[in-house]
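Colleague: Hi! Could you walk me through this model before I head back to the bench?

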Amino acid sequence: LVAATLLVATVANLRDVPLGFDPGGLVAVELSPPETTVETVASARGFYDGLVERVAGFPGVEAVGLTGWIPLDAQAPTTPINLQSAPVDPAQAVKAPKQMVDPGFFEAFGVVPLAGRSLGTEDRAAEPSAVVVNETLADMLWPDGAAVGQMIAIDPHAWDTWVTVVGVIPDIRSGEIAGPTGPALYVALAESPARDVSLVVRTGADPVALLPALTRTVGEVNPLVPIRSVNRMEDVVRRAYSTSWVVMGLLIVLAVLATGLGAIGIYAVLAHHVAASQKELSVRLALGAQPMVLVGAVVRSGVGLAMVGIAVGSVVAAASTRFLESLLFGVSALAPWAFLPPALALAVAACLAAVVPAVRVGSLPPAQVLRGDRRDSHSCLQQSQGENLSGGRQRCRPPLKTQWNRGCPTTSPAEA
């Protein structure tokens with residue numbers, strides 16, 4: 001129950017995590033152009049430009065872009081960053097994922113620069129000439145906020161080849177959805193062609209209706225380019241939540257089963273005690289005991305059993321929740337509030353489980369129970385006397401001593 005409570009809080013926290021973009025209406029088509037298609041910068045640009053131009057003319061398409069790595073689906077490889085103002089060795093340099101994108105990527109994902117500009121059609125040099133950094137990387141390297149205009153090197157093999165930072169954009173979740181957003185930098189795909197690219201399309205219509213046209217257009221632009229996958233960004237985001245959702249659902253089912261089994265166990269124990277103690281309870285009722293007093297005693301017994309289980313279970317849960325830390329987000333494994341709802345749920349289940357035995361106690365007819373007990377005792381006495389005369393073993397047992405029995409003396413059938 002505690003684990004399920006923590007994972008419910010984790011899923012709620014993950015749903016509030018800012019993605020940096022709106023996945024609604026976005027479609028991502030993963031492509032794997034053959035090496036000949038991107039063998040040269042000119043051939044790569046021809047393929048990229050032709051594909052984007054064709055798709056942009058579709059009805060309902062609002063923006064089209066290209067990226068080397070789909071956010072939340074895969075993480076781009078990291079590259080070290082050297083500052084012209086404070087050069088460092090590549091081994092000690094800050095590293096950040098290097099994303100290759102075209103100008104339409106920022107428009108498709110609805111990214112507006114916080115400072116400077118995003119990559120544009122003018123960024124088409126033979127080598128990277130402009131770079132955009134995210135807010136996390138800008139704060140990490142330039143805490144004073146003067147990121148735009150800085151010169152950095154992003155190629156460890158050309159450690160003194162400087163590239164200008166032209167803009168700062170908000171953070172976009174590119175790896176795991178949990179945890180803090182890491183640094184990232186973006187370079188123009190036209191300046192750094194990649195073999196594996198993804199076409200991202202934003203449409204105001206149903207994205208699924210656009211898929212056949214996208215597939216057909218890729219084949220028309222270059223029949224040799226295979227399509228690896230076609231995904232709505234909403235599905236990509238949903239997969240990012242999948243691990244937490246699956247584990248949470250499994251633990252909720254197990255928690256419900258455990259609560260039900262605990263309630264059944266408490267009911268069985270109390271029902272057994274009531275059935276075994278009908279004589280004692282009937283005597284008390286016959287002597288003037290209030291039914292509600294005995295009902296309260298049964299309910300207290302059930303709650304007492306539950307309290308012992310809750311105390312032991314809380315200690316075990318506190319020791320075991322540390323194994324869930326890798327699955328939690330935004331919540332402590334030992335958060336006190338996570339232990340309260342399970343304890344209340346078990347206590348309520350115990351009270352409900354004790355209702356039926358308690359009602360049975362309050363409706364006991366003392367005279368009928370005592371008459372039945374005398375008949376049972378007489379039958380047992382005759383049976384025991386017969387067995388004693390024949391040398392047999394006595395089978396009648398004395399009355400059970402229960403928590404409601406206040407030391408009533410028991411006698412053997414022979415003494416009776």
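Modeller: Happy to; here are the overall make-up, the cores and one buried residue.

Modeller: This is a predicted model, where local features need pLDDT of at least 70, side-chain atom pairs count only at pLDDT 80 or more, and totals for chains, interfaces and linings use all residues. Residues are numbered from 1 along each chain as its sequence is written, and side-chain values use heavy atoms, leaving out hydrogens and water.

Colleague: Cool. How many of the 416 residues are buried, as a percentage?

Modeller: Buried residues make up 43% of them; buried means under 20% relative accessible area, with a 1.4 Å probe and protein chains only.

Colleague: Which residues have the most contacts inside the largest nonpolar core?

Modeller: Leu185, Leu199 and Leu214, in a core of 42 residues. A nonpolar core is a set of buried Ala, Val, Leu, Ile, Met, Phe, Trp, Tyr and Cys residues joined through side-chain atoms within 4.5 Å.

Modeller: A second, separate core has 31 residues, including Phe109 and Val236.

Colleague: What does Leu214 touch beyond four places in sequence?

Modeller: Val27, Val29, Val55, Phe58, Leu199 and Val201, where contact means heavy atoms within 4.5 Å.

Colleague: New topic: is Asn231 buried or exposed?

Modeller: Asn231 counts as buried because its relative accessibility is 16%.

Colleague: And which side chains does the Asn231 side chain make polar contacts with?

Modeller: Ser229, at 3.2 Å, and Arg239, at 3.5 Å. A polar contact is a pair of N or O atoms within 3.5 Å; within protein, one must be able to donate a hydrogen and the other to accept it, and residues adjacent in sequence count only if both atoms are side-chain atoms.

Key:
Buried means under 20% relative accessible area, exposed over 50%, partly exposed in between (1.4 Å probe, protein chains only).
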